[in-house]
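Work through the exercises below with the model open in a viewer. Each task is followed by a solution in steps.

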Protein chains: 2
Amino acid sequence: MVTLRQLRYLSALAKHGHFGRAAEACAVTQPALSMQIGDLERTLGVKVVERRPGEVILTDAGREIARRGDDVLTASRDLVDFARHRGKPLTGRLTLGVIPSLAPYLLPKILPALQRGFPELRLELRESQTRQLVGDIKSGVLDAALLALPAGDSDLDAIALFEDLFLLAVPADDPRPEAVPVAVDGIDQSRLILLEDGHCLRDQALAFCATARRRDGSAGAMTFGASSLTTVIQMVAGGYGMTLIPQIAAEVERRDQRVKFLRLRPPQPGRSIGLVFRKTSPRKADFGALGDVVKGCVEESGCRPVPPGRKPPPAQNRADSASEP
Amino acid sequence: MVTLRQLRYLSALAKHGHFGRAAEACAVTQPALSMQIGDLERTLGVKVVERRPGEVILTDAGREIARRGDDVLTASRDLVDFARHRGKPLTGRLTLGVIPSLAPYLLPKILPALQRGFPELRLELRESQTRQLVGDIKSGVLDAALLALPAGDSDLDAIALFEDLFLLAVPADDPRPEAVPVAVDGIDQSRLILLEDGHCLRDQALAFCATARRRDGSAGAMTFGASSLTTVIQMVAGGYGMTLIPQIAAEVERRDQRVKFLRLRPPQPGRSIGLVFRKTSPRKADFGALGDVVKGCVEESGCRPVPPGRKPPPAQNRADSASEP
DNA sequence: TTCAGCGATCAGATTAATTTATCGGCCATG
DNA sequence: CATGGCCGATAAATTAATCTGATCGCTGAA
């Protein structure tokens, strides 16, 4: 009979490709793991791993078995999570991913409120790009993530939290007055400074500009890859170009006197920020509560963004955030 | 740490509502099961069952835990199935459901071929209505089922096998010549004899007639509920009315000289027969092979129906088989 | 009151899993 | 072609998990 223990050991073995290290990861000795894998192979009637000198690789069948095993483990972990957290939202450990263009601006708003409202919550944060976050949510490494919708994965569910409009950040000495919204034509794509590849914000900005206009044939855009929005703003301040920046970040970056932020004429581009989690997650109650906290913080911070009143996030007539990360 | 054993015992307990009988079903003694349930409650920190004199009922949390536990068990059973059957399609035990309006006509065609081509296959058949079959597939009681598409459940996948057109069965002394297709107007809905409630064929026939015409306000139709198509044909033969009958059944029922079958004018109503199974089923290779056998048998039997060349089954301009069973 | 049904509990036996120690194959070195 | 290191398999002893059979205590019915 197959056991969860065998699947756990197999999962570790698949991950480490090494009996000794897999055993260590499972906090058992190597023979213990060897025997469990052996038992598994015997009960399934298939060689699961190829033991070759210098490396241990899964067989084809083994790969599929490990994949299914991970599904089983995730489901059982969910079961335990459900039982342990049922009835008391936002207590205990909760691992949350946040995209880099959001984390430094949103977290300072919500962490104090969370701490105050849910002192029993032990939040573990991770900052990564959307692609990574989605993978980690699906594999159960993360419970949920704050990112720009849509996440575009049918295994995932989302709660829309707020709309985050884009502003055009330009040097303070730009001739255009701050009061007048500029048309997208005001954006010289070749002077656009963006985050490095892989950031959803970069893709959204590019998508918006692409639909807005295409000044020359070159895929162009001075797409120097900064790793943080603050860096991007520094470059704008230094007169190296301009950028599209989400309102929630502009609030903070506005401190720098050498830049100013111009609003854009409708249809204003923007992104829809949401809380994403596995459809089968056992902690939906937590996510509802967490979402409420975020909405509350964003609202009371006097920020323009407001929670939308609909389920499926829009992303129509705005940046095409359908592109992966 | 939670174990599959505990989940198996919990599943049995949930099903039987009785420690003793659940234990018996698991082939262990009652104390063994009691202790495992006790351990489970201890590790989860929740009372899972309410022990009250005379009955054992799950708590709210227990119900959800049992549901999730069943998911885990299904996934682990799938893993084992995958490992055991991988590489040798159509061997070993395979449980297959078939709807009643199809089983007696299709099975005689395919069983000999299956026996010949796959002697190692031990097919276990069950005849039930669509609703029941779908439930059993989802819970893992059945591996797959032959029924009229669409099954309409997002957890299920289907392979379309063939189109089965409906014919109008009338008494042999009906004045209309067999050679000329009749219009749907030729169907007097008030004289329609159908299978009893719950059969998809009944719903399809009613749906087709409803779109075809509505002679009077009465929901009408002489919908005496026969439990088999043979019974229905007997009644038609006896002059009690007429019926819509799938071509595959007409082939057989044609033996009765007292009825004849009129073709219908386009858009000809019909049903799309398919093989349905869980999306995550470990035996998709088997289903492909089984589907091929069915297609082959249906074709070579000189039957009109042919395999369609498209994935999503039609059900357009024909009986509305979207209604449940 | 007494009894039958049912689940909990206990002690002891059994089975499964783990650890420590060791073996043997396979490379890379010298 | 020896030698030592790495790595997984195996053996024996130990520990932990699980089971059985006997029994207890509770509850509702006779």
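The exercises cover a predicted model and deal with its protein interface, its symmetry and its DNA contacts.

**Exercise 1. The protein interface**

Task: Describe the interface of chain B and chain A by its contacts, buried area and composition.

Solution:

Step 1. Start with the contacts: 28 residues of chain B touch 28 residues of chain A.

Step 2. Turn to area. The two chains bury about 2,200 Å² between them, and 73% of this is on carbon and sulfur atoms. On the side of chain B, the residues that lose the most area to chain A are Arg68(B), Leu79(B) and Phe82(B), together 28% of what that side buries.

Step 3. Assign the side of chain B to helices. H1 (4-16), H3 (30-44) and H4 (60-85) of chain B each supply at least two residues. H4(B) gives the most, with 14 residues.

Step 4. Sort that side of chain B by class: 15 residues are nonpolar, 7 polar and 6 charged.

Step 5. Look for polar links. Between chain B and chain A the count of salt bridges is 0, although a search over all chains finds 34 in the whole structure. Polar contact across the interface is found for 4 residue pairs, with both residues at pLDDT 80 or more.

**Exercise 2. The symmetry of the chains**

Task: What turn and shift lay chain B on chain A, and what relation is that?

Solution:

Step 1. A turn of 180° with a shift of 0.0 Å along the axis lays chain B on chain A, with an RMSD of 0.2 Å.

Step 2. This is therefore the relation of a two-fold axis.

Step 3. Locate the axis on chain B: Val72(B) is the residue of that chain that comes closest to it, its C-alpha lying at 2.8 Å.

Step 4. Compare the two sides of the interface. Of the interface residues of chain B, 100% are also interface residues in chain A, so the copies meet through the same surface.

**Exercise 3. DNA strand D**

Task: Which residues are closest to DNA strand D, and which helices supply the surface near this strand?

Solution:

Step 1. DNA strand D is surrounded by 17 residues, the closest being Gln30(A), Ser34(A), Arg51(A), Tyr9(B) and Thr29(B).

Step 2. H2 (19-25) and H3 (30-44) of chain A, with H1 and H3 of chain B, each supply at least two residues of this surface. The largest share, 4 residues, comes from H3(B).

Step 3. Split the strand atoms within 4 Å of the protein: 72% belong to sugar or phosphate, and the rest to bases.

Step 4. Check phosphate oxygens of DNA strand D. A polar side-chain atom of Ser34(A) lies 2.5 Å from one. Backbone atoms also take part: a backbone N or O atom of Phe19(A) is 3.3 Å from a phosphate oxygen, and a polar backbone atom of Gly20(A) is 3.3 Å from a phosphate oxygen.

**Exercise 4. DNA strand C**

Task: Describe the surroundings of DNA strand C and find a polar contact to a base.

Solution:

Step 1. Here 18 residues surround the strand, and Tyr9(A), Thr29(A), Met35(A), Ser34(B) and Arg51(B) are the closest. Sugar and phosphate make up 71% of the atoms of DNA strand C that come within 4 Å of the protein.

Step 2. H3(A) supplies the largest share of the nearby surface, 5 residues. By class, this surface has 9 nonpolar, 6 polar and 3 charged residues.

Step 3. Polar side-chain atoms approach phosphate oxygens of DNA strand C at 2.6 Å from Thr29(A) and at 3.3 Å from His18(B).

Step 4. For the base, take Gln30(B): an N or O atom in its side chain is 3.0 Å from a base nitrogen of DNA strand C.

Terms used: Residues are numbered from 1 along each chain as its sequence is written. Chains are lettered from A and ligands numbered from 1 in the order in which they are written. This is a predicted model: local features need pLDDT of at least 70, side-chain atom pairs count only at pLDDT 80 or more; totals for chains, interfaces and linings use all residues. Side-chain values use heavy atoms; hydrogens and water are left out. Contact means heavy atoms within 4.5 Å. Buried area is the accessible area (1.4 Å probe) that two parts lose on being put together, summed over both. A salt bridge is a side-chain nitrogen of Lys or Arg within 4 Å of a carboxyl oxygen of Asp or Glu. A polar contact is a pair of N or O atoms within 3.5 Å; within protein, one must be able to donate a hydrogen and the other to accept it, and residues adjacent in sequence count only if both atoms are side-chain atoms. Ala, Val, Leu, Ile, Met, Phe, Trp, Tyr, Cys and Pro count as nonpolar, Asp, Glu, Lys and Arg as charged, and the others, Gly among them, as polar. Copies are superposed by least squares on the C-alpha atoms of residues with pLDDT of at least 70 in both. A residue is near a molecule or strand if one of its heavy atoms lies within 4 Å of it.
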